[in-house]
Every structure is written in structure tokens, then in C-alpha cells.
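Trainee: I have a two-chain model open and would like to go through the contact and the pockets. Can we start with the terms?

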Amino acid sequence: MAKSIDVSDLDIYYGDFLAVEGVSMTIRARSVTALIGPSGCGKSTFLRSLNRMHEVIPGARVDGKIVIDGQNMYDADVDPVQVRRSVGMVFQRPNPFPTMSIYENVLAGNRLNSKRMPKSEADSIVEKSLKGANLWEEVKNRLNKPGSSLSGGQQQRLCIARAIAVEPQVLLMDEPCSALDPISTSAIEDLIHDLKSDYTIVIVTHNMQQAARVSEDTGFFNLAGAGKPGRLVEMNPTSKIFSNPDEPSTEAYISGRFG
Amino acid sequence: MTVTEAAPKPPAPVRRTGDVVFSGLARAAGITILVALAGVAVFLTIEGFPAVTAPASAMGGKSGIVLYVWPLLFGTLLAALLAMIIATPLAIGVALVISHFAPRKLSRTLGYLIDLLAAVPSVVYGLWGINFLAPRMVGLYEWLEENLGFLPFFTGPASSTGRTILTASLVLAVMALPIITAITREIFAQTPVLHQEAALALGATRWEMIRMTVFPYGRSGMVSATMLGLGRALGETMAVAMVLSATGVISFNLISSTNPSTIAANIALQFGEASGLKVNVLIFSGLVLFVVTFIVNFLGRAIAGRGYKGESR
Ligand SMILES: Nc1ncnc2c1ncn2[C@@H]1O[C@H](COP(=O)(O)OP(=O)(O)OP(=O)(O)O)[C@@H](O)[C@H]1O
Ligand SMILES: [Mg+2]
């Protein structure tokens, strides 16, 4: 189920504006890769290019290759809709569908494949996904309430349940905890830890401790200067990045944040 | 600028001249509208009241005001309803193209063109209906009579001029299109990006994304837009008076040359030579139309006001 991702020479544009330049990296299967860097250096942009959500923005496009499972997802004959079904995404702000119940929110992705699903199968997907997202105990008695009736942290875990209900190969998370309190944050970090045995996870975070806690590998993005595109400065095992990074700018960024 | 005269009483809230002036103006405008509306209602009621006891001679031979007004009301509702059945799907489709499918430049042009339809005077629509649309519909009506004649709507005999209630409804549909399109496209365009991206990231196609997020978000807006369009279609006078060849029957036959008339068109056609009680009768029918339109608009607003359940933080 989990797949590794090979990115080579990726340039990402918004219209004529080159936002991210020349990224090459390998994201290992069944592990957590953290992306860190200052604001505006293109972490979200890069993450969104990993499931072709980038091109949803008018004028946005990508040059280069991203290979999953031997297939370049930017080949002309690849359907972005198929890519997004196998590469799930969790956003910075929890975004359950407000008109759907908790139950239907979890199944939203499965319903898209539009096979008629027997009730028993639907029930078991909902239970399994909510358990997977550590939310089952809290919502099992109110599955028919709207998704927006949950707290922010619960909503975010609902979004994770929705993403894993379709059993993707890769899970992308863009600052999934930045809108949450420390307790919800720690619940989601535990969850990421559990999910890593089944999924390839890429997480963007501004929180150094979080990157250090949850990830195996860390990529540090930075801007070469004002108005210049963002670049991947260094990609190494997390333990190395935080103890003995290759690049002085990585060291400066991390120590600046650690104080 | 604060109102310093109130200074001795400490808890006096800060009041700014701008706010005071503006709220006064807004209130005055609101009251003016209400007074005008009440004035119209009072006028219609007082002038329409004598019609209740009017003799048959004042009502084209009908022996009671209900018998007189009911066929007109029937025609009004039928024409307006047909117009909505035609216009609503079309308007929603156009609104979606503008908000979600067309490239930005094209969608702006398209938006202007649709808005322009609202600026065309209804006499022009009437002329277009008589001289352009009606003759071109004759062939279709004959086909409908031949092939779908077993349905009560198409029993015929097909009109040879094409000036049927269906043609009138088509003209009404075109006239109601801009208002429905304008409102729905605004609402569609406001669908939170957050939710649209959630759907797309799950692997929804654009159409699936629209069904999952845009339609639920815009549901009440679509309903109220349709109601406002219906209000327009109910009250439309000139175009219907010109296009429809009305005989005052009550019939669901949509393609024949004997058609029910509508209240507004009937007033426009009869008012010129009416006098005495006949005027009161026409005004009474106007009162009925006023009430129906008022109810429709009220429902539309009420549904729109209910808004979007759930938040879009
Ligand atoms: N929709 C967009 N259209 C045009 N430019 C954009 C768009 N979104 C982002 N950018 C630009 O792309 C660059 C990278 O932005 P991105 O959002 O990827 O940064 P980030 O690293 O995620 O920052 P943050 O940590 O603040 O989330 C920035 O210069 C930004 O202004
Ligand atoms: Mg970001």
C-alpha cells in the first residue's frame, strides 16, 4: 500500500512566478518526512504538487518529474483525479463538509468511487477509519451529527479519517496542528506515529520539536533571497538535521528557532 | 467627533455623527419603501373592493369575481411556472459555467452578456416573441402534437401562429434568466475554497466537487433566486400581452391557439377601454397578483435568509 516518492528537478510556477526551483528528493515509504523552513519558502506549494492539487489554482503549473510506483504522475496520460485518490491530503485548517454528517464525511471519498456500497461495508469503513484517526470513542454515539459540530481538533481528526478511509498510498499534511491546542496536537502526533506503519506520510510543520518528534527524515527549504524562488537546502535523517546538519543555513534556522 | 453634550452621564456610549446620519438615512429609506408598499396595497384594496359585488356586465359576462379572476390567475401561474421550469436549469448551468468552468476572461464576458438581457425593455421581448420566436415554434408544436399528443399538454390542435402559452413562457424564461443567473453565480462563486479543495483532494472530478460542495452551499440561494425570477415572470405584462393569443380558457394544453390569459396581460389589454366598475374589476385582479407576488418574494427571502447551515471558518 505505501509507496515511496522520487522527485527530480521540480520547478513549480504560479503563472510566470517561479515559486520553487530545482527540488530533488526521495521520500521513503512507511516513514514520516517533515518539511520545514521559513514562511513563504514554498513548503505548501511543494506539498500540493505531490498530489497535483497545485494545478487547481488558475495558471499554476509544474516542470519536472514526480515518480510513484514507477509512474511519473505528471505524464500526459495520467489523470490528476486518479493521483488524488491515491495521495490523500489533510489541510492546515480542518475542512469537513459542513452539510454532511460525521458518518458521511468519513465516506465522502469512498462514495466518489460511486460503487453502491452495502450498509455493513460502509459501517465498517467508518468505524475502522475513525478508530484509525483516534476519534471513534468520541463520536461513535453521534455519527449523524454534522461534521461542523465537532471541536477543531476533532474536526481535524475527522479530516484524517476521511483521508485514510480511501486507503491512499501517501498522506500529505500541511501544518495539520497549527490551528489546534497542545492536547489535540499531541493526539494527532500519536496518530501520525501509528499511521506510519501503513502509510507514507509527508508533513509540513513550523514546529521544530514536532518535526523532531514525528519524522524520520527532514527536508529544509529556504529562499535564496527576497524575490528568489524557494529551494530544498538540505534533506537528511531527522536526527542528523537536528544535531549535525550539513548546511550552515540549516543550523542557523534550527538554532534560531530553538533559541 | 463625539457628542460631548452627553458628557455628564459617564456611561453614555460614544456616538459618531457619521453613524447617526447614516442610520437615519437608512431608516428613512426603509420607511419610505414600507409606506409606498402600504400605499399601493391600500389603493388596490379600496379601488378593488367594489368589484366583489360587480354585475356580470362589468366582468365580460362572468357571474362572479372569482369566476373572472380564477382563469387569469391560472394562466398567470401556469405561464410563470413553465417559465421557471425552463429558466432555472438553464440559469444554474450558465451560472456554473461562469463561476467554475469558463476561463476568467470568457466568464466575465458571458456575465456581462447575461446582465445585458436584463436591460432589454419588455416591449422588445414582445416583438421578438411575436416576430421571431412564435413562427419558429410552429413546426415544433406540430411535431409535439403528432408524437406526444397523448399527453394532456400537447393534445393540440397545434397553433398555426405559434402564439401559445408555451411560447409566452419561453419569452418569460429568457426574461427571468438574468436575475436567476446573477444571483446563483454570485453564490456559487462564494463557495469556500477550503471545501472545494477538500473535495478535489479526495479525488473528486470537477462535477463531483460541485455536487459535494457548491450545490449544498448554494441551495438556499438557488431557491431564492428562482423565487425572485418567478416574481418577475408573474408580473411581466407587455411581453405576454403581445405574444399570447388568449381566449381565457382554463387548459393545460400548451400548444393550441386557445390559451388562458394572465392577470397582468389582461389588465394591459383591457385598461384602455375600461370605465366604471370594469376598472374596479381590473384593479381587483391586480390586487390578487400583488398578493401572490408578495407571497412568492416573501418565501424567496425567507428561504434565502435561512442561509448556509454550518460554518466556513
Ligand atoms: N495562489 C498563489 N498564487 C500566487 N502565488 C502564490 C500562491 N500561493 C503561494 N504563492 C507564493 O508562492 C510562494 C510560496 O508560498 P507557500 O504558500 O508555498 O509558502 P509556505 O512555505 O507554505 O509558507 P507558510 O509557512 O507561510 O505556509 C510565496 O512567495 C507565495 O507568495
Ligand atoms: Mg504553507
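Mentor: A polar contact here is a pair of N or O atoms within 3.5 Å, where, within protein, one must be able to donate a hydrogen and the other to accept it. Keep in mind that this is a predicted model.

Trainee: How many residue pairs are in polar contact between chain A and chain B?

Mentor: There are 4 such pairs between chain A and chain B, with both residues at pLDDT 80 or more. On the chain A side, helix 2 (80-86), strand 6 (87-90), helix 3 (102-112) and helix 6 (152-165) each supply at least two of the residues that touch chain B. By class, that side has 14 nonpolar, 7 polar and 5 charged residues.

Trainee: And how many salt bridges between chain A and chain B?

Mentor: The count is 2. In a salt bridge, the side chain of A:Arg85 meets that of B:Glu208, at 3.4 Å from N to O.

Trainee: What area do chain A and chain B bury between them?

Mentor: About 2000 Å², with 63% of it on carbon and sulfur atoms. A:Phe97, A:Pro98 and A:Leu112 supply 27% of the area that chain A buries against chain B, more than any other three residues. Chain A puts 26 residues into the contact and chain B 22.

Trainee: Switching to pockets. Which residues lie nearest the centre of the largest pocket?

Mentor: A:Val56, A:Pro58, B:Ser99, B:His100 and B:Arg206, out of 22 lining residues. Among the elements of chain B that give two or more residues to this lining are helix 2 (65-101) and helix 7 (206-235).

Trainee: How much space lies in the largest pocket?

Mentor: About 770 Å³. The lining of the largest pocket has 12 nonpolar, 5 polar and 5 charged residues.

Terms used
Residues numbered from 1 in each chain as written. Chains lettered and ligands numbered in written order. Predicted model: local features only at pLDDT ≥ 70, side-chain atom pairs only at ≥ 80, totals over all residues. Heavy atoms only, no water. 1 Å grid on protein atoms, 1.4 Å probe; cavity = no way out; pocket = protein on both sides within 12 Å on 5 of 7 lines; lining within 4 Å. Points joined across faces, edges and corners; volume = space filled by probe spheres on them. Helix = DSSP H or I, 4+ residues; strand = E, 2+ residues; numbered from the N terminus. Nonpolar A, V, L, I, M, F, W, Y, C, P; charged D, E, K, R; others polar. Contact = heavy atoms within 4.5 Å. Buried area = accessible area lost by both parts, 1.4 Å probe. Salt bridge = Lys/Arg side-chain N within 4 Å of Asp/Glu carboxyl O. Polar contact = N/O pair within 3.5 Å; in protein donor to acceptor, adjacent residues only side chain to side chain.
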